[in-house]
Every structure is written in structure tokens, then in C-alpha cells.
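Q: Please take a close look at one part of this protein. Start from a single residue and work outward, keeping to what surrounds it and how the pieces meet.
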Amino acid sequence: MDRYPDILEDILHSDENSDDEWDMLLAETKREEESRSKRRNKYRGSVPGHRIIRRGRVEGHERLYHDYFAPNCVYDAFFRKRFRMGRPLFLRIVNGVEQYDPYFVQTTDAIGNLGLSSLQKVTAAFRILTYKTPADSVDEYVRIGESTAIESLRRFVQAVIAVFGDEYLRPPNNNDIARLLAIAEQRGFPGMLGSIDCMHWKWKNYPTAWQGMYTGHCHEPTIILEAVASQDLWIWHAFFGLPGSLNDINVLERSPVFATLTEGRAPPINYRINGHDYTMGYYLADGIYPNWSTFVKTIPCPQGLKRKHFAAAQESIRKDVERAFGLLQARFAIVRGPARFWDEETLAYIMKACIIMHNMIIEDEGATNDNDFDGSGENPIVQVSHVHTPDFVDFIQTHHQIRSNASHSQLQSDLIEHL
């Protein structure tokens, strides 16, 4: 196009306007118009290289609605199997996410075409989380593009954490602790608050420079999740993001699992075993964990009937956290297989969101024996405190009490006699 003024100027100032020169101008113009036409046919839309695919988003929404959400829907009996939860709970999550993030609100474009509905975006995110399907595989049914499905997944997990995280991923409050202690008493372990362990999530698309740091005993790069679970498989504590080259002890040293206890903010726990009084709860753990007063471990080679009975009971009840890991992976296949996202932040959001929805399903399906998990029995909302904080000496004293080997041995002996 920059050549047109020069050619035209030469022709206008030429003394002899020959037919050849006009033919040259017309030929150049024709070639440029053909080039423009090819570019217009190749590049559709506002972004160069972006192709417009008329997916039929409205028809996709109607199909999805009639299949799963209409009063007499087609796949009513298969809803829980395919969405991992009941329809009321799913719609509750959709409404909460839609109110939190305007991205999920259905809008129209500049020419009045309806965009994707919240049901389509959330369903696409759920299919990726529950079936671990590639992002472009939901296009044929939900009518959503690959990039939009990935964006919907990222925004969905962040919204779930923001809306439901404070309620469904909180530390135990006073009512929770009373219920956990009552259940532990019935199972023969007074003072037990749950069982603790770590899970490794394989990371496929890791940065190559980080391979050594994230490769441990699994011989593949992994990211570690530390969790505490109770008998009903409710996950009370989740600490995620450390590299797979660490072991459970290294994770424990960085974990905030005992932060409230050392800071003096934990609810009081008092119980008595075999004539001895205790003021700190404990978790059942496997053999790698240290001999602290807050852990009760099995006996590697028990001698005598009492010790054998204690070892069998401890190993059986400690499997609660293993069962919770298995159920979490069964419900959300994305945390069972290798993670395909590049950044750790997105993986952390996905893991936390899956744990939150896991707890929501447990509450909804009654696995918690109809206990109140709406937060009505929790401690008052934390306000800015001007009360004198615990002295450093008290902090150190509590720290040493947690790591006391003598208290660990005494507690284990008392439990052996109690059982």
C-alpha cells in the first residue's frame, strides 16, 4: 500500500501517460486487493488468527439444563454419579460462585448474542476436576472452548475457596472438639483429635530446573499435602505446596498444624487416662513422626497381648486419614493423576477447592451424623485484640511440652493400659 502514492505520482507527473503505466497501476491494485481478501478470509474476529466457531452456546445450555437440571430431567438418576454430589449442593455452589465472581454471570456480547451460562462454565470446571478430562474434551457437550474452560476452572476454584473456605476448611472449634473427643472416647483413645499423614500429588508439567527439588521417594516430581482427618473423613487441616523431596518430618517442621497451640489460642482440652491428667490433644501418626506428646504412634514389634492389642487398634484407627485421601482422589480424579498445570499457585487452589467440596459433600450426605457444621457453634469472630499476648517464655514452654519425649512415652503407656 505504501507503493501506491509513488506509482500514482509518477503517472500524474509523467508527460506521456502510456497505457502500460495505467495497466501497471491496475495490476498492482488488483494484487493488493487479492492479498487483502486472503487476509480477511484467514483472520476472522478481532484477534489475528482467531477463528470464529459457532458452537451453539444457547443450544448447549438448553441441552445441559434438560439433561440434569429440569424438573423431569433425562439423567436425574445419574446426577450424583457424574457430579459427585447431590443437585441441591451443586446449585448452592453455583449460586455462591456466581454471586462472588461476575465472570460466571451470563451476559451478551456487542451484537446481542448470549454468552455461556454459569451452569456451562461450572459444569466444565467440574468435569475437569472429577474426571480429569482434557480442557477441550468438554467442548462437544458443554459447547465451551478450551481456553474458556481453563479460565473457568481457575476462577471456579478461587471462588470456592473465597466463598466456602472459612466454613469448610477451618480448624476445630469448641463444639467440634467436644464431638471429636466424644467419638475418640468411644473408640478407646481419649483425647484423640484425628490422624495425620502426608500425600504426594504427581506433577507432570513441572519446570525442568525444579525436577531435583520436587523428586523424592516416588522417583517423580511431586507436591506434598499434609492433612488431618477424623473418623467421618472430614479433613480439618490441609497444608499443601512443599516439594516432594521432603519427608513427613520436614513437612511437619514447616507446618502450622500446632500454631494455635503454641500461640495459646487453641481451645482447652482436658482428659484423664489411667490416673494421669492431660491438657493437650494428640493425633495418631505413623512411625516416621517424632516422639512428641501430641503424637501417638504404633509399636513396631509389640511384645505381650496388651501391646499387640494397642498396636492393632492404633494402626486401624490411624487409617482414617488414608481413607480420606482415597475418597478425595476417588471423587476428584484430578488430584489422583499427574497435575498438568504449570504454576504451583493454581495447583494449590485446585487442591484446597477439592478438599472444601469434599467436606461439603460429607456434610450434605450425612456422614457427620447430622452434626452442625454451619459455624453456629464456632468461636466468636476474631477481633483486633489489645490483651497482653503470651510471654516468650510461655511460648517456649508450650513448644517444649509439644515435643516432650517423656510425655509421649507416658501417654502411650497409659493408652496401652486403658485399652
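A: Ser118 is buried, with a relative accessible area of 10%. The cut-off for buried is under 20%, so Ser118 falls inside that class. This is a predicted model, and every value here is computed from it.

Where does Ser118 sit? It belongs to helix α6, which runs over residues 118-131. Leaving aside residues up to four places away in sequence, Ser118 touches Val94, Glu98 and Phe104. Two of these contacts, Val94 and Glu98, fall within α5, which covers 87-100. That gives two helices to follow: α6 and α5.

Take α6 first. Helix α3, residues 57-68, packs on α6 at an angle of about 70 degrees. Their axes are 10 Å apart. Angles of 65 to 115 degrees count as roughly perpendicular, so α3 and α6 are roughly perpendicular to each other. The crossing of α3 past α6 is left-handed. From α3, the contact uses Arg57, Gly60, His61, Leu64 and Tyr68. From α6, it uses Leu119, Gln120, Thr123 and Arg127. By class, that contact holds three nonpolar, four polar and two charged residues.

Now α5. Just ahead of it is a loop between α4 (79-83) and α5 (87-100), and Arg84 lies there. Arg84 is not a glycine, yet its phi is positive, about 65 degrees. Most residues other than glycine have a negative phi. Is Arg84 buried or exposed? It is buried, at 16% relative accessible area.

Helix α5 packs against α8 at an angle of about 110 degrees, with axes 9 Å apart. That angle lies in the range of 65 to 115 degrees, so α5 and α8 are roughly perpendicular to each other. On the α5 side, the residues are Arg92, Ile93, Gly96, Val97 and Tyr100. They meet Phe156, Ala159, Val160, Ala162, Val163, Phe164, Glu167 and Tyr168 of α8. This contact divides into 10 nonpolar residues, one polar and two charged.

Helix α8 spans residues 146-168, and Ser147 lies in it. Is Ser147 buried or exposed? Ser147 counts as exposed, with 58% relative accessibility; the cut-off for exposed is over 50%. Its C-alpha atom is 7.7 Å from that of Ala135, and the two residues are 12 apart along the chain.

Helix α5 also packs on α15. Here the angle is about 140 degrees and the axes are 10 Å apart. Angles over 145 count as roughly antiparallel, and 65 to 115 as roughly perpendicular. The value for this pair fits neither range, so α5 and α15 are oblique to each other. The crossing of α5 past α15 is right-handed. Leu89, Arg92 and Ile93 of α5 make the contact with Met357, Met360, Ile361, Glu363 and Asp364 of α15. By class, there are five nonpolar residues, no polar ones and three charged ones.

Arg92 and Ile93 appear in the α5 contact with α8 and again in the α5 contact with α15. What does Ile93 touch? Beyond residues up to four places away in sequence, it touches Met85, Phe126, Phe156, Val160, Phe164, Met357 and Met360. Phe156, Val160 and Phe164 are on α8. Met357 and Met360 are on α15. Phe126 lies within α6, residues 118-131, which leads back to the helix of Ser118.

The picture then widens to the core. Nonpolar side chains tend to be buried together in soluble globular proteins. The largest nonpolar core here has 68 residues, and Phe90, Ile93, Leu129 and Phe156 touch the most other members. Helix α15, residues 344-364, supplies the largest share of this core, with 11 residues. Another core lies apart from it. That one has 36 residues, among them Phe189, Tyr283, Val296 and Ala313.

Last, the wider setting. The protein has 17 helices and seven strands. Of its 419 residues, 43% count as buried. Among contacts with a separation of 6 or more, 67% join residues 24 or more positions apart.

Conventions: Residues numbered from 1 in each chain as written. Predicted model: local features only at pLDDT ≥ 70, side-chain atom pairs only at ≥ 80, totals over all residues. Heavy atoms only, no water. Core = buried A, V, L, I, M, F, W, Y, C linked by side-chain atoms within 4.5 Å. Buried < 20%, exposed > 50% of the residue type's maximum accessible area, 1.4 Å probe, protein only. Helix = DSSP H or I, 4+ residues; strand = E, 2+ residues; numbered from the N terminus. Contact = heavy atoms within 4.5 Å. Axes fitted to C-alpha atoms, helices over the stretch in contact; angles between N-to-C directions. Parallel < 35°, antiparallel > 145°, perpendicular 65-115°, else oblique. Left-handed = near helix turned anticlockwise from the far one by under 90°. Nonpolar A, V, L, I, M, F, W, Y, C, P; charged D, E, K, R; others polar.
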